[in-house]
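Trainee: I'm new to this one and keep tripping over the labels. Could we go through them, and could you tell me what each one rests on?

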Amino acid sequence: MSGVSKTSEWQSLADSAAALSDISMRDMFAEDQGRFERFSIEAAGLFLDYSKNKITDEVADKLAALAVAVDIEGARKDMIEGKSINKTESRAVLHVALRDFAARAYHVDGEDVSQPVRAERDKMKKFCADLHQGMFKGHTGKSLDTVVNIGIGGSDLGPQMVVDALRPYWINGRRAFFVSNVDGQHLSDVLAVIDPETTLFVVASKTFTTQETLANAQSAKAWFLNSGAPEDSVAKHFVALSTNEASVTAFGIDPKNMFRFWDWVGGRYSLWSAIGLSIALQIGFENFENLLRGAHAMDEHFRTAPVKENMPMMLALVGVWNRNFQGAAAHAVLPYDQHLHRLPAYLQQADMESNGKTVTIDGAPVGVETGPVIFGEPGTNGQHAFYQLLHQGTDIVSSDFIAPALSQSPLGAHHEMLLSNFLAQTEALMRGKTEKEVRAEMATEGHSKPEIDALAPHKVFPGDRPSNSIVMEKLTPATLGALIALYEHKIFCQGVIWGVNSFDQWGVELGKVLAKSILPEIAAIAAQAQHVTDHDASTNGLINWINEIRTNNKGE
């Protein structure tokens with residue numbers, strides 16, 4: 001929707017924000033013992049507590065009214081019905097179809113795509129079984145126990161995050177590596193610790209033209225052939241996740257081992273598709289299906305629950321409240337589970353590539369702040385890194401705290417310590433500590449008045465820092481699937497509210513184009529470095545400085 005800031009619902013929320021500016025969350029909790037019950041939702045194995053945000057029943061009602069005004073439910077219906085909601089690329093957005101086990105039809109341009117989805121999933125299942133049972137072997141007859149996923153962006157971040165998160169579900173004896181960076185050191189580090197006779201390379205590129213992915217794939221292929229493998233054995237050690245059969249075949253991959261997905265599957269929403277093959281190979285296809293089923297459970301909740309009982313919608317609305325009415329330009333994702341250490345990076349792409357936009361779907365200036373900066377680290381590591389800014393910085397940063405009640409790997413009292421920190425941090429961010437409390441505490445500890453006067457200002461915590469808590473019984477394939485789907489739908493809803501297209505990413509294109517023009521200017525030093533003058537003074541200067549260093553060190 002264009003011009004959301006001009007709606008009466010938006011203006012009413014601005015009035016509420018102004019009225020609440022001098023009211024603390026601490027007071028809200030003191031005066032309302034029912035906040036937790038009213039501002040929490042349970043669905044699909046997850047529990048969301050959003051009571052530690054500066055909201056009231058009136059604000060919640062106004063946020064729900066905003067959702068109605070921008071027709072979130074209508075946008076949800078359009079997505080599920082396969083309409084081309086990705087307007088700038090004329091594409092449907094149907095990642096929900098990839099994990100639907102309800103046998104319902106999904107139509108794109110009049111065609112039911114549910115059948116090809118199931119067929120491709122069955123193909124993945126058979127391939128996993130053949131490899132795990134030793135029927136698909138390497139060229140020397142050895143079983144393939146190592147997978148190297150070569151991709152970038154959504155073809156890397158999602159599968160890697162899931163594989164790391166589900167480490168306790170790994171099949172014994174199997175290893176998985178992920179290569180994305182075009183920096184040769186990334187691939188070299190992996191090649192140094194794997195065996196070409198027992199490694200399967202999974203090349204993930206929809207068009208099979210992605211520069212970084214193809215460079216890594218070609219180098220991996222050269223390394224494999226240099227190990228003594230014959231050319232025709234590439235087909236036994238490389239598979240493709242792509243739609244470009246001609247290029248896949250030219251690479252040496254058997255088209256029977258090309259796994260397809262569709263242009264209505266966006267890269268950052270693709271781990272549910274053939275892009276998830278590396279996941280299924282590492283944790284087993286049954287666990288991969290459980291991941292999909294968990295996402296499907298969240299999809300069903302998102303599809304049917306009314307706004308104020310809808311977990312993704314309320315998480316989105318609270319995020320808009322914090323971003324646009326509470327001044328939170330950054331949002332921290334803080335998983336209190338070491339196996340979720342890649343979740344913040346995954347959500348950086350999912351959120352910032354989706355909603356980091358300055359124009360609406362219609363091409364008009366958006367008029368309001370859109371997606372926040374997303375960052376994060378696992379707790380308790382982050383507490384000893386950037387939480388200082390969360391608690392006492394001059395900027396308001398909203399946060400999502402995520403934790404399982406039970407550990408995948410119980411060890412002494414470690415999980416109890418972890419959970420105590422998880423709970424304490426959200427309470428501290430909400431409550432803060434007043435100067436009066438600091439002074440009383442220091443006096444009790446025996447500090448002198450001069451000491452108290454000197455230190456008290458440094459020990460004051462302003463509080464009123466907004467946070468959500470997302471908890472689950474245990475991190476399993478199903479709860480992880482639900483968690484990822486929760487964020488996908490939250491991001492979609494926020495895009496609808498701001499009026500942006502959450503499913504294109506034109507912002508990544510300009511740098512790619514310029515890199516292509518600069519590449520031959522760097523490569524030219526193989527013969528003789530040329531003095532570059534075609535760019536701005538800074539870029540020219542950097543290219544010439546780098547070329548001089550490289551020319552002087554050609555033999556190294």
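**Reading the labels**

Mentor: Sure, let's begin with one residue: Asp-61 sits in helix H4. Keep in mind that this is a predicted model.

Trainee: Why is Asp-61 called partly exposed?

Mentor: Its relative accessibility is 41%. Buried needs under 20% and exposed needs over 50%, so at 41% Asp-61 counts as partly exposed. Its C-alpha atom is separated by 9.8 Å from that of Val-307, although the two are 246 residues apart along the chain.

Trainee: And Gln-160, how do you know whether it is buried or exposed?

Mentor: Set the value against the cut-off again: Gln-160 has a relative accessible area of 17%, and buried means under 20%, so Gln-160 is buried. This residue belongs to helix H7. Leaving out residues up to four places away in sequence, Gln-160 touches Phe-178 and Arg-342.

Trainee: What does H7 lie across?

Mentor: Helix H7, residues 154–165, lies across S5, S6 and strand S7, and runs at about 150 degrees to S6. Helix H8, residues 184–191, lies across S5, S6 and S7 as well, at about 165 degrees to S6.

Trainee: Which residues of H8 are buried?

Mentor: Leu-187, Val-190 and Leu-191. Looking down the axis of H8, you find these buried residues within an arc of 100 degrees, so they line one face of the helix. They pack against S5, S6, S7 and helix H9. On the other side of H8, Gln-185 and Asp-189 are exposed.

Trainee: What is the strand order in the sheet with S5, S6 and S7?

Mentor: The order is S6-S5-S7-S8-S9, an open sheet of five strands with parallel pairing.

Trainee: What makes S6 and S9 edge strands there?

Mentor: Count the partners: strand S6 (175–179) and strand S9 (258–259) each have a single partner strand, so one side of each has no neighbour in the sheet. S6 pairs with S5 (residues 146–150) in the parallel sense over five bridges. Two strands pair if there are at least two bridges between them. Within that pairing, Thr-146 stands opposite Arg-175 in S6.

Trainee: Let's move to the rings. Why is the pair of Phe-39 and Tyr-50 called tilted?

Mentor: Well, 22 aromatic pairs are counted in the model. For Phe-39 and Tyr-50, the distance is 5.7 Å centre to centre and the angle between the planes is 45 degrees. Rings pair with centres within 6.5 Å, and an angle that is neither under 30 nor over 60 degrees counts as tilted. Phe-39 lies in the loop between helix H3 and strand S1, and Tyr-50 in the loop between strand S2 and helix H4, eleven residues apart.

Trainee: Are those two rings buried or exposed?

Mentor: Phe-39 has 3% relative accessibility, so it counts as buried. Tyr-50 is buried too, with a relative accessible area of 2%.

Trainee: What makes Phe-127 and Phe-259 edge-to-face?

Mentor: Their planes stand at 70 degrees and their centres are 5.4 Å apart, so the pair is edge-to-face. The cut-off for that label is over 60 degrees. Phe-127 is in helix H6 and Phe-259 in strand S9, 132 residues apart. Phe-127 and Phe-259 are buried.

Trainee: Why do you say the charge of Arg-293 sits over a ring?

Mentor: The charged end of Arg-293 is 3.9 Å from the centre of the Phe-101 ring. The distance limit is 6 Å, and the charge must also be within 35 degrees of the ring normal. Likewise, the charged end of Arg-38 sits over the ring of Phe-39, 5.2 Å from its centre.

Trainee: One last sheet. How many strands does the sheet with mixed pairing have?

Mentor: Six, in the order S1-S2-S13-S12-S10-S11, and that sheet is open. S1 and strand S11 (373–375) stand at its edges with a single partner strand each, so one side of each lacks a neighbour in the sheet. S1 and S2 run antiparallel, joined by four bridges, and Glu-42 has Phe-47 in S2 as its bridge partner. S2 is joined to strand S13 by four bridges, again antiparallel, with Phe-47 opposite Val-471 in S13.

Key: Residues are numbered from 1 along each chain as its sequence is written. This is a predicted model: local features need pLDDT of at least 70, side-chain atom pairs count only at pLDDT 80 or more; totals for chains, interfaces and linings use all residues. Side-chain values use heavy atoms; hydrogens and water are left out. Helices (H or I, at least four residues) and strands (E, at least two) are DSSP runs, numbered from the N terminus. Contact means heavy atoms within 4.5 Å. Axes are lines fitted to C-alpha atoms, for helices over the stretch in contact, and angles run from 0 to 180 degrees between N-to-C directions. Buried means under 20% relative accessible area, exposed over 50%, partly exposed in between (1.4 Å probe, protein chains only). The arc is that of the directions from the helix axis to the C-beta atoms. Rings of Phe, Tyr and Trp (its six-membered ring) pair if their centres lie within 6.5 Å; planes under 30 degrees apart count as stacked, over 60 as edge-to-face and the rest as tilted.
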